[in-house]
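Take a moment to open the sequence and the 3D view side by side. We will walk through a few places together, one stop at a time.

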Amino acid sequence: MVVNNPNNWHWVDKNCLEWSRGYFASKTNGLSASNDNGNIAVSAVSSVEGDCDVSQRKGKVISLFDLKLVFAIAGFTAEDDEVSGSITVPELAYDSDADDIQFEVSIYNETAEHEGIRQLIKKELLPKLREKLAQFGSDLITEHSSDIQLSQDQVSSEFTKANQTSKSTGKATGKTGSSGSGAAGAGSGSGSGSTSASASKPQTETKSSVPKYNTSTLHLEPEFNTSAEQLYITLLDQARIAAWSRAAPNLEPFPPSEGSDFSLFGGSISGKFTKLVPNERITQLWRLSDWKDGHYAQLDIQLKQGSGETKMVVKWTGIPIGEEDRVRNNFEDYYVRSIKITFGFGAVL
């Protein structure tokens, strides 16, 4: 980042959301715990959503971040039964103390025999994760402060030089919020909620001359009272899609092949299947018709079979900023709610 800011007087912002994704992966992947009940470890960072900025003015550096994190976990019970799930951190903010960090633990395919693993996560893994997350604010400033201000030998103002000497703790006087509007899935609409600004490149089919958006990620975990096999078919079979979408889809007969194109809701949504694992995973290049030509988000759907239900772990990357609520609201209405109503796959809220 090039700084042209005489005496470090003016406000300079740096978006660090993309950096934070790599940071959390490097600090938490492989973090583990074990006891007589089994073993469990953080296997991946599934989602990082929100705002993350480092700012400088008058020689002072502050960080402003408000993030939602989702970590994938995997391990084995003492009986060698495989266990997987997720840990969600609803909010990690610049003004959060370590004790303020809250965790939501979800274990897929959970049974009574998995209670020991849940206790292991609570007593052994979460304290380790909390310690790593508590270091984020100071590491964020340490990593990026020199990138957004001139070095002291280039500063002549004694005022800003003094501020620069006494580094800020990273906490600001006011809390930032995230906002976004738009409405996505199948139709139009509007909403407001959190946005996650990132300068990452969009998922596209071409590598040049494609308009770029600032993009964000989105993570959902709806549950359906049916098997993973039935849900997989419902998402890919022409007749079933026509039933829950109320429109004839355009895609190959079931099962479609990887690399094949699709369009839904009369062309409002289109894309390409990039990975298909029967009854387990559907990955697509996915776009709304009114997005800039050539821009695709990546939609990854994992089906986690439980004892009597299936959790659909849904993750988008590459959603244009401002479209998050549109995508979320309409996916919940036109996909999740409609599938449940059409096939009786669960309670509709």
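What follows is a short tour of strands, a helix, some backbone details and a pocket. Keep in mind that you are looking at a predicted model.

Let us start with strand β14, which covers residues 310–320. Is this strand mostly covered or mostly open? It is mostly covered, since nine of its eleven residues are buried. Now look for the strands that pair with β14. Strand β8, residues 215–220, pairs with β14 in the antiparallel sense, over six bridges. To find this pairing on your screen, look for Leu 220, which stands opposite Val 314 in β14. A shorter stop is strand β9, residues 223–224. Two bridges join β9 to β14, and these strands run antiparallel. Here Phe 224 has Thr 310 of β14 as its bridge partner.

Strand β13 is another partner of β14. It spans residues 295–305, and eight bridges connect it to β14, again in an antiparallel arrangement. One place to see this is Asp 300, whose bridge partner in β14 is Lys 315. If you follow the chain from β13 to β14, you pass four residues between them, and the two strands form a hairpin.

Next, move to helix α5, residues 228–236. Seven of its nine residues are buried, so this helix is mostly covered by the rule that buried means under 20% relative accessible area. The buried residues of α5 include Ala 228, Leu 231 and Tyr 232. Let us zoom in on Thr 234, which is found in this helix. Why does Thr 234 count as buried? Its relative accessible area is 0%, so Thr 234 is buried. Which backbone oxygen does the side chain of Thr 234 reach? It is that of Gln 230, at 2.7 Å. Leaving aside residues up to four places away in sequence, Thr 234 touches Arg 240, Ile 241, Trp 244, Ile 339, Phe 343 and Phe 345.

Now for some backbone details. Most residues other than glycine have a negative phi, and most peptide bonds are trans. With that in mind, visit the loop between α6 and β10, where you will find Arg 246. Although Arg 246 is not a glycine, its phi is positive, at about 60°. Arg 246 counts as exposed because its relative accessibility is 59%. Pro 255 lies in that loop between α6 (238–245) and β10 (261–264) too. The peptide bond from Phe 254 to Pro 255 is cis, with omega near -5°.

A little further along, Phe 265 lies in the loop between β10 and β11 (269–277). Phe 265 is not a glycine, yet its phi is positive, near 55°. Is Phe 265 buried or exposed? Its relative accessible area is 12%, so Phe 265 counts as buried.

Our last stop is the largest pocket, which holds about 300 Å³ of space. Of the 19 residues that line this pocket, the closest to its centre are Ala 44, Ser 46, Ala 72, Gln 302 and Lys 304. Which elements give two or more residues to this lining? They are β3 (38–57), β4 (60–77), β5 (82–93), β13 and β14. So our tour returns to the hairpin formed by β13 and β14. β4 gives the most to the lining, with four residues. The lining itself is a mixture of seven nonpolar, seven polar and five charged residues.

Notes: Residues numbered from 1 in each chain as written. Predicted model: local features only at pLDDT ≥ 70, side-chain atom pairs only at ≥ 80, totals over all residues. Heavy atoms only, no water. Buried < 20%, exposed > 50% of the residue type's maximum accessible area, 1.4 Å probe, protein only. Pairing = 2+ DSSP bridges. Polar contact = N/O pair within 3.5 Å; in protein donor to acceptor, adjacent residues only side chain to side chain. Contact = heavy atoms within 4.5 Å. 1 Å grid on protein atoms, 1.4 Å probe; cavity = no way out; pocket = protein on both sides within 12 Å on 5 of 7 lines; lining within 4 Å. Points joined across faces, edges and corners; volume = space filled by probe spheres on them. Nonpolar A, V, L, I, M, F, W, Y, C, P; charged D, E, K, R; others polar.
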